[in-house]
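Hello,

Here is the structure we spoke about. My notes on it follow below the entry.

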Amino acid sequence: MFSASHVLRVQRVAVSRGKRALHDLVTLPDRKPIVSSGTPGYSAVSGHVVTVFGCTGFLGRYLVSKLARMGTQVIVPYREEDEKRHLKPMGDLGQIVSMEWDIRNEEQIAECLRHSDIVYNLVGREYETKNFKYSDVHVGGAERIAKIAAQAGVPRLVHVSHLNASTSSTSHFYRTKAEGEERVRDAFPAATIVRPGQMYGCEDKFLNNMASWPIWWKLNHGETKIRPVHVLDVAQALTNLMTIPQFAGTISLPGPRTLTTEYLLDMVSSLTYTPPSSAPVLPKSLALALAKVAQAPWWPLISPDEVERRYIDDVDVPGDWEAVGVTPDEIENHAITYLRRYRSAENFVRPVVFPARSS
């Protein structure tokens, strides 16, 4: 008779030698076996087929990269040809499969997910347009994807919402996020709802926006509380969900600490070596009026709902990071990487001096 510890040692040896073992076999709820093979890494075969709706967005590109590095075949639905070109080199030959889609076209959605054993819905909008309102994407689109996934017999659905999603929020963005969660649960009861906090990273609209337009972050006198989280931590958490057989429920992924916008603005100023903004704090009524005027140009500027969100604190809920096997990192450890570009040439290599932490 072999002991449990002996079996585990055998599996570990098999992993170290790049051979197959019991950990390479996963049985999905519909009894479909998933068998991985090959040396772990870029050219491996994980056995999974995954569809990532919203793959061309901020979070999507990092999730696709992590999935592809595991040897997963990833279906990347796209709307515009140029938006998905950077995803192709993230996987080995044949791993990244691009398919054109429209969130209102049920046939295209069904074609994108019919071979997948897990579907990620990362689709969202920061601002409304004449063609797509918040409800069209966060509610109608989310429900449509969940309904078609259920009809196609997809075993797993992961729906990404927002930490502040609430039906009673003063922000239309947060209200539609909460309504979308309810529609997804009705259409796909076993869905996993993920609620990340405000994400930061290389191409974010958070730290970069603070460095470029600090006046819009001084609203509420910098007292708004934010729990920023690294986009790579969220992407890793979503990737780890693929190895969990089933996880029905809600997962909250806030940042490790609660910071005020005043502290974050001071941090940005100290990292970029630019003096703090001397612009006055705009009254909320004036900021809303200016945001309404900013809707006239065709390119996206700040919207009235974004102004409203600058007055809403992130909810104080515990993070579920242990459930997804990730330890979130502090923003101070990464901010210099994304903010150094805003320094002048003579200050580019100067050491980092952080401001005092807020309580």
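Subject of these notes: the sheet and its surroundings

Strand 3 and strand 6 run parallel and are joined by four bridges. In that pairing, Val 50 has Ile 118 of strand 6 as its bridge partner. Please keep in mind that this is a predicted model.

For the overall picture, the chain has eleven helices and 13 strands. Of its 359 residues, 47% are buried. Among contacts in the chain with a separation of 6 or more, 74% are between residues 24 or more positions apart.

The sheet

Strands 3 and 6 belong to an open sheet of seven strands, in the order 5-4-3-6-7-8-12, with parallel pairing. Strand 5 (96-100) and strand 12 (249-253) are at the edges; each has a single partner strand, so one side of each has no neighbour in the sheet. From one strand to the next, the twist averages 20°.

Strand 3 (residues 49-53) also pairs with strand 4 (residues 73-78), in the parallel sense and over three bridges. There, Thr 51 is opposite Ile 75 of strand 4. Strand 6 pairs with strand 7 as well, again in the parallel sense, over four bridges. In this case Tyr 120 is opposite Val 158 of strand 7.

Which way do the side chains of strand 6 point, and are they buried or exposed? Ile 118 and Tyr 120 point one way, Val 119 and Asn 121 point the other way, and all are buried.

Helices on the sheet

Helix 4 (residues 134-151) packs on the sheet, where it touches strand 3, strand 6 (118-121) and strand 7. The direction of helix 4 makes about 180° with that of strand 6. Together, strand 6, helix 4 and strand 7 form a right-handed β-α-β unit.

Helix 5 lies across strand 7, strand 8 (192-196) and strand 12. Relative to strand 7, helix 5 runs at about 170°.

Ser 171

Ser 171 sits in the loop between strand 7 (156-160) and helix 5 (172-187). Is Ser 171 buried or exposed? The relative accessibility of Ser 171 is 0%, so this residue counts as buried; the cut-off for buried is under 20%. The side chain of Ser 171 makes a polar contact of 2.9 Å with the side chain of Asp 305. Leaving aside residues up to four places away in sequence, Ser 171 touches Asp 305, Glu 308, Arg 309 and Ile 312.

Cysteines

How many disulfides does a search of the whole structure find? The search finds zero. Cys 112 is in no disulfide, and the nearest cysteine sulfur, that of Cys 55, is 9.1 Å away. For comparison, a disulfide requires the two sulfur atoms to be within 2.5 Å.

Cys 112 has a relative accessible area of 2% and is therefore buried. Cys 202, at 31% relative accessibility, counts as partly exposed.

Regards

How values were computed. Residues are numbered from 1 along each chain as its sequence is written. This is a predicted model: local features need pLDDT of at least 70, side-chain atom pairs count only at pLDDT 80 or more; totals for chains, interfaces and linings use all residues. Side-chain values use heavy atoms; hydrogens and water are left out. Helices (H or I, at least four residues) and strands (E, at least two) are DSSP runs, numbered from the N terminus. Buried means under 20% relative accessible area, exposed over 50%, partly exposed in between (1.4 Å probe, protein chains only). A polar contact is a pair of N or O atoms within 3.5 Å; within protein, one must be able to donate a hydrogen and the other to accept it, and residues adjacent in sequence count only if both atoms are side-chain atoms. Contact means heavy atoms within 4.5 Å. Two strands pair if DSSP finds at least two bridges between them. Axes are lines fitted to C-alpha atoms, for helices over the stretch in contact, and angles run from 0 to 180 degrees between N-to-C directions. A crossover is right-handed if, with the strands pointing away from the viewer, the path from the first strand over the helix to the second runs clockwise.
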